[in-house]
Amino acid sequence: MPSVKRRVKQWASRGADRHVRLAVTGLSRAGKTAFITSLINQLTHLGTEPNLPLMQLVQQGRGLGARREPHPHMHLPAFDYDSAMQALHSTPPVWPSPTRDVSEVRLAVRYRPQSAALRAINDMATLYVDIIDYPGEWLLDLPLLSQTYSQWSAKQSGLLTGRRGELAGTWTTKAAALDPFAPADEKKLAEIAADYTAFLHQCKAHGGLHWVQPGRFVLPGELAGAPVVQFFPWVGSDNEQDLAKAGKDSNYGVLKARYDYYCEHVVAHFYREHFAKIDRQVILVDTLQPLNAGPAAFHDMRLAVEQLMQSFKYGKSGLLKRLFSPRIDKVLFAATKADHVTPEQHPNLVSLLQQIVHQAWQQAAFEGIDMRCQSVAAIEATTPGYVSVKGSTQSALKGHLADNSPVTLYPGEVPAQLPEDAFWQDQGFDFPSFRPQPAPLDAPLPHIRMDKALDYLLGDKFR
Ligand code: GDP
């Protein structure tokens, strides 16, 4: 090929290559690991036998294939796709182990460009998709950036009512007995911080309460055991002016310094290093588990989701805009594990999620971020069908429980509106955990609407 033509072709090919940083988050057990595993799996089958009928790229026959590439940030762990697939292909299949920290994977997706002009020069283009997985709990820390240690302490103390109050006994008793002005007792502070961390874990595990701060305490990753995750809210009754005079080596001074360090080096660092570089965001929400668990868990999930959404309200004068100039232009809210309910309930699931995100949605739309809600099952573990009950036909799900026993059931109705008291009084909603279905090694994983999610998140990039 003459060199001018070759250079034009190289230039055009570079122009045709695109790059998108897609982040996936959600509270722990929302389904991030399953979602990313399925996303990679679906795209790697793009060129052979795609199971993505709702993706326009597939409808137009332009998808050529995808493969994993070495990911660009060597200091970040790679998303462990191979182990996840191994778990799903074991006998019997099991769910992949969840990731507990930030991780990353890069996919190169090959496709035929849509534009005839681009096709004339090069009939192939590549979209590089960097998928970043991070715990939603980290977004719960955003308010810390605009609160002093004293303000944060007052806010946290105010939350210690109801179930939270019951669980808080141990650390609050010890913390209230601390002398703020005495020289810092490192051992004591570490002990109370450990009790406070245990309390946050208990809130999640036993109370179904997900709105916990600081988020890194429950998912510390590489920070585990470091002094920066060894503080707790001040619950003593001393007045604020006196506390402000506490020396920097006192109990209060050390706790305040750790809080400030945490805000700057952990929270702000995350927003600067990761969040500010994201182009598109998926927020996974498990609405079904809190419906199963009861009103307190459901209310708390709403609070946590509202709090997560604060990170996307970054209008012109917002804190985020001032600090980090984020550039996210699309957010997908996905109600996960839709295969836990029968198909006619899926619209209710979406409607419920829409109500949960409604207010913040309006705000973000106003600021020019495109948002969408949908339901999804990243890895479909059940088969929908019908059963006959007393002569009438009823929709049902078939699957296997974690202990491998087969089961057919009707899990109940998902409320289309935020549930009111009556729903909780005669709650007919109950479902078990299903294990994944066995899937052939060379076939894409079964899913519900992953193609719709992918079309929304990436469709416009396959030009
Ligand atoms: P993470 O903590 O957000 O990474 O959550 P995981 O992806 O590990 O999911 C937590 C659990 O939810 C899994 O172990 C499964 O039991 C369940 N799960 C996740 N996705 C699905 C799904 O699409 N269908 C079903 N039936 N269960 C799911």
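**Buried residues, ligand shell and unusual backbone sites**

Asn251 is buried, with a relative accessible area of 3%. Its place is in helix 12, which spans residues 251-273. The model described here is a predicted one. Within it, the side chain of Asn251 comes within reach of a backbone atom: the oxygen of Asp179 is 2.9 Å away. The surroundings of Asn251 can also be listed. Leaving aside neighbours within four places in sequence, Asn251 is in contact with Leu178, Asp179, Pro180, Ala182, Pro183, Ala184, Asp185 and Leu189. Asp179 thus appears in the contact list of Asn251 and also supplies the backbone oxygen that the Asn251 side chain reaches.

Thr25 offers another buried site. Its relative accessible area is 0%. Buried means under 20%, so Thr25 falls in that class. Thr25 belongs to strand 1, residues 18-26. A polar atom of the Thr25 side chain lies 3.0 Å from the backbone nitrogen of Gly136. Residues up to four places away in sequence are again set aside for the contacts. Thr25 then touches Lys32, Tyr134, Pro135, Gly136, Leu139, Gln281, Val282, Ile283 and Leu284. Gly136, the partner at 3.0 Å, is one of these contacts.

The ligand is considered next. It is surrounded by 17 residues. The closest are Arg29, Lys32, Thr33, Ala34 and Asp339. By class, the shell holds 9 nonpolar, 4 polar and 4 charged residues. Lys32 is listed among the closest residues to the ligand and among the contacts of Thr25.

Individual polar atoms approach the ligand's oxygen atoms. For Thr33, a polar side-chain atom lies 2.6 Å from an oxygen atom of the ligand. For Ala34, the atom involved is a backbone N or O, at 2.9 Å from a ligand oxygen. For Lys337, an N or O atom of the side chain is 2.9 Å from an oxygen atom of the ligand. Cover can be expressed as an area. Taken alone, the ligand exposes 570 Å², and the protein buries 95% of that.

Two residues linked to the ligand have a noteworthy backbone angle. Arg29, listed among the closest to the ligand, has a positive phi of about 75° although it is not a glycine. Arg29 sits in the loop between strand 1 and helix 2. At 66% relative accessibility, Arg29 counts as exposed. Lys337 also has a positive phi, of about 60°, and is not a glycine. Its loop runs between strand 6 (330-335) and helix 16 (346-366). With a relative accessible area of 24%, Lys337 is partly exposed.

Cis peptide bonds come next. The bond from Thr91 to Pro92 is cis, with omega near -10°. Pro92 lies in the loop between helix 4 and strand 3 (103-111). The bond from Gln213 to Pro214 is also cis, with omega near -5°. Pro214 is in the loop that joins helix 9 (186-207) to helix 10 (215-218).

Several helices were examined for their buried residues. In helix 4 (residues 81-88), these are Tyr81, Ala84, Met85, Ala87 and Leu88. They cover an arc of only 155° around the axis, so they lie on the same side of helix 4. Their cover includes helix 2 (32-44) and strand 2 (63-69).

Helix 6 covers residues 149-158, and its buried residues are Tyr149, Ser150, Trp152, Ser153 and Gln156. Seen down the axis, these fall within an arc of 160°, so they line one face of the helix. The face turned away from this buried side carries the exposed residues Ala154 and Gly158.

Helix 18 (residues 450-458) is mostly covered. Of its 9 residues, 8 are buried. These are Met450, Asp451, Ala453, Leu454, Asp455, Tyr456, Leu457 and Leu458.

Conventions
Residues are numbered from 1 along each chain as its sequence is written. This is a predicted model: local features need pLDDT of at least 70, side-chain atom pairs count only at pLDDT 80 or more; totals for chains, interfaces and linings use all residues. Side-chain values use heavy atoms; hydrogens and water are left out. A residue is near a molecule or strand if one of its heavy atoms lies within 4 Å of it. A polar contact is a pair of N or O atoms within 3.5 Å; within protein, one must be able to donate a hydrogen and the other to accept it, and residues adjacent in sequence count only if both atoms are side-chain atoms. Accessible areas come from the Shrake-Rupley method with a 1.4 Å probe; for residues, only the protein chains shown count as cover. Ala, Val, Leu, Ile, Met, Phe, Trp, Tyr, Cys and Pro count as nonpolar, Asp, Glu, Lys and Arg as charged, and the others, Gly among them, as polar. Buried means under 20% relative accessible area, exposed over 50%, partly exposed in between (1.4 Å probe, protein chains only). Helices (H or I, at least four residues) and strands (E, at least two) are DSSP runs, numbered from the N terminus. The arc is that of the directions from the helix axis to the C-beta atoms. Contact means heavy atoms within 4.5 Å.
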